[in-house]
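Visitor: I would like to learn how to read the contacts in a structure of several chains. Please take me through them one feature at a time.

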There are 4 protein chains.
Amino acid sequence: MDDAIRDAVRALVPEVGYAALTMDAVAAKARVGKAAIYRRHASRGELVFSALVHGREPQPLPDTGTLSGDLTELANVVLAVFSDPVVAAATPGLLADLKQQPDIAARFQETFIAQERKQVTELLDRAVARGELAGPTDPALVHAAVLGTVFARVFLLAEHPDPAIAPRIAAMAATVATAQPPPGNHRNT
Amino acid sequence: MDDAIRDAVRALVPEVGYAALTMDAVAAKARVGKAAIYRRHASRGELVFSALVHGREPQPLPDTGTLSGDLTELANVVLAVFSDPVVAAATPGLLADLKQQPDIAARFQETFIAQERKQVTELLDRAVARGELAGPTDPALVHAAVLGTVFARVFLLAEHPDPAIAPRIAAMAATVATAQPPPGNHRNT
Amino acid sequence: MDDAIRDAVRALVPEVGYAALTMDAVAAKARVGKAAIYRRHASRGELVFSALVHGREPQPLPDTGTLSGDLTELANVVLAVFSDPVVAAATPGLLADLKQQPDIAARFQETFIAQERKQVTELLDRAVARGELAGPTDPALVHAAVLGTVFARVFLLAEHPDPAIAPRIAAMAATVATAQPPPGNHRNT
Amino acid sequence: MDDAIRDAVRALVPEVGYAALTMDAVAAKARVGKAAIYRRHASRGELVFSALVHGREPQPLPDTGTLSGDLTELANVVLAVFSDPVVAAATPGLLADLKQQPDIAARFQETFIAQERKQVTELLDRAVARGELAGPTDPALVHAAVLGTVFARVFLLAEHPDPAIAPRIAAMAATVATAQPPPGNHRNT
DNA sequence: CGGTAATCGAGACGGTACGTCTAGTCTTAAA
DNA sequence: TTTAAGACTAGACGTACCGTCTCGATTACCG
């Protein structure tokens, strides 16, 4: 039952898009009454979000031995997530819905963002332990750099996410991890 | 008339959000018939997009004399755009709608993305002329780095866009412009 | 539900008239969604027609013993129908709509006209059996005479339907039933 | 100009019906601005009414020498009017509109009904002078009988107006003119 | 094992926004 | 001035979808 609903969502999202995904269509596709959906999911956003995250436990990133390698690994995972057609089709609409539903936004933050943030933090801690980084670093910007750059390529710049860019994104993110204060006054050399 | 409609949109978007922005509400607020809106705008997405971009011609980025400075300037512009409450409230929903309306998506690409891309390209050309960069660089990734990192902080990580991070984003973007193969560790000014 | 809709129509028609009877107003008055109305009624004409005819089964005309008496009875029934304020307010607009909707026009013919026609036919048959009429007569003209004369007084000549005219209409209709060629002057009881 | 508008109305009414007759269509067909129509006509009802009555002055009914003949003549005129396809198509809708617009209803009464009523009155006066009638008679019911019977056949009973019925209608109307009080109690012979 | 309770698919419900259409008014530029 | 052209406000149209609710039929659990 739960699976039938999620499968219907996963089948319909790439087919018709997030905006045109009606609850009636999901119910019909899943051969389920609408009440059965609402008994399990509070809203369309929550429904799609549930369908997307279900069974997607975050495999821990391997320790590649270098900061650069770890970041490349992270970039590849992010690229893989956004390459999923269901995720790609659902993300913009889902993001829009989250703005209106703070409770689901919170769950999204906890489930998805916080876990990725934890990975970034561990990755940076390992680099500190190795001596690659001088001291503890704010993981937020590193996280934003990796996640945002991929997101921008896919959704804002409408380019397909070429996996070859992963190491370049990693190098970029390493910079922001390394350089804590901006090196000097950039206005005049 | 055109202005009355756009003003109504700009007033309503931060007030009720993009998803709850109804054509009836816009017409009522603008004291305008719905037909007058549909005569000018093909859809809600196009309407909001028009209201957002109207009068927002891209002032050319100043030549600060260094790649780092130029990129900081770019990051500040992007931060400023996303700090506008109307833009902040409208962007996620607008982005979602664009997925369904290829014609408006194309206009968004041409009007907004292409202009920013041009600025990035010029900025990199200036750096090559100065000798800061060895040779021509793909501007797409630099663009994605600046735009995406800001976007991610605001919309994905739910952090407010602290203007102090502009130079750090610039440094990061400079890396991806410089380094073709990812080096182990690096810094280049 | 069905009743709520019909009651709303019956309340609104005399209040605002047929032309100004909007589906939204009916829905609001009946505290019902518009879809519930459209699920039951194909158009405004059909809706009003249904509201008018509901519960109005044609009580069989009594046999008064004379053609004249039977026709007076018929005239009184027709006068009573057109004296109903709801019928009076709805009839002209309804008649106009029927011209555009042949299916409802057919239903109107079957439900209302055909039943009345049957009464006229029976009434004439009784007169033949009594010997008041020489032979079978076309009931259509008798029908038209009674129905039309009342209709004309109410809707064309804008006079209120004085019940005292019923026997005069009956006498008139009896003439047309009796006289095949128009005689110069006549009276037949 | 005035003629162009009226011609457009007369062309459109039988073509699309009264209900579907839009002011824009009239303006386009007449190659005229809508303002030109509204400068001449207060509403759609008034417009159609004007187009119908224009140039239709009431030729005086001939004195045939008998009441019966005069009434047959009247019935024929009424039949002729309702046989005009434009009149036939416009009448029900026009009648409905008149209910909502008392000023035009009044003009309709004065222009059309009152003139016909005058003819009926004269016709009855001639009959009194001839000695066919004992004394002055209420012309309203005679009028209603002739006009209404034809109207009922055409618009309520959906039968085409066979001209052969004119003398029978006349005979019928003569009855109502003759018999002033109902002959007796019709309930029991 | 038989009775009770929960859950099911189906779909009608009230409500609301949609995008279209028409009425009647108003503006404009040409004649 | 009056014209044709056509944009304007206002508001009803009929459709679609939301999230709730009611209906029997079926299932599953418990006494």
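Visitor: Which residues are closest to DNA strand F?

Guide: This is a predicted model. In it, DNA strand F is surrounded by 27 residues. The closest are Y38(A), R39(B), R40(B), Y38(C) and R39(D). Of the strand F atoms that come within 4 Å of the protein, 74% belong to sugar and phosphate.

Visitor: Which protein atoms lie by a phosphate oxygen of DNA strand F?

Guide: Take three cases, two from side chains and one from a backbone. An N or O atom in the side chain of R31(B) is 2.9 Å from a phosphate oxygen of the strand. For R40(D), again through a side-chain N or O atom, the distance to a phosphate oxygen is 3.1 Å. G33(B) uses a backbone N or O atom instead, 3.0 Å from a phosphate oxygen.

Visitor: Which elements give two or more residues to the surface near DNA strand F?

Guide: Chains A and C each supply α2 (23-30) and α3 (34-40), while chains B and D each supply α3 (34-40). The most comes from α3(D), with four residues. Sorted by class, the surface near strand F holds 12 nonpolar, four polar and 11 charged residues.

Visitor: Now the protein chains. How is the size of an interface given?

Guide: It is often given as the accessible area lost when the parts come together. For chain A and chain B, about 4400 Å² is buried between them, with 65% of it on carbon and sulfur atoms. Chain A puts 51 residues into this contact and chain B puts in 57.

Visitor: How many salt bridges are there between chain A and chain B?

Guide: The count is two. One salt bridge pairs the side chains of R117(A) and E159(B), at 3.4 Å from N to O. Polar contacts are counted as residue pairs: five are found across the interface of chain A and chain B, with both residues at pLDDT 80 or more.

Visitor: Which elements of chain A give two or more residues to the side that touches chain B?

Guide: They are α6 (85-100), α7 (102-130), α8 (139-156) and α9 (166-178). The largest share is from α8(A), at 14 residues. By class, this side of chain A divides into 31 nonpolar, 13 polar and seven charged residues.

Visitor: Does chain A touch or stay apart from chains C and D?

Guide: Chain A does not touch chain C, and the nearest C-alpha atoms of the two are 16 Å apart. Nor does chain A touch chain D, where the nearest C-alpha atoms are 35 Å apart.

Visitor: How are two copies of a chain related?

Guide: By a rotation about an axis and a shift along it. Here, chain A is superposed on chain B by a rotation of 179 degrees with 0.0 Å of shift along the axis, at an RMSD of 0.1 Å. That is the relation of a two-fold axis. Within chain A, G148(A) comes closest to the rotation axis, its C-alpha being 2.0 Å away.

Visitor: Why can the copies be said to meet through the same surface?

Guide: Compare the residues on each side. Of the interface residues of chain A, 94% are also interface residues in chain B, so these copies meet through the same surface.

Visitor: What turn and shift lay chain C on chain D?

Guide: A turn of 180 degrees and a shift of 0.0 Å along the axis, with an RMSD of 0.1 Å. Here 86% of the interface residues of chain C are also interface residues in chain D, so these copies too meet through the same surface.

Terms used: Residues numbered from 1 in each chain as written. Chains lettered and ligands numbered in written order. Predicted model: local features only at pLDDT ≥ 70, side-chain atom pairs only at ≥ 80, totals over all residues. Heavy atoms only, no water. Contact = heavy atoms within 4.5 Å. Buried area = accessible area lost by both parts, 1.4 Å probe. Salt bridge = Lys/Arg side-chain N within 4 Å of Asp/Glu carboxyl O. Polar contact = N/O pair within 3.5 Å; in protein donor to acceptor, adjacent residues only side chain to side chain. Nonpolar A, V, L, I, M, F, W, Y, C, P; charged D, E, K, R; others polar. Near = heavy atom within 4 Å. Least-squares fit on C-alpha atoms with pLDDT ≥ 70 in both.
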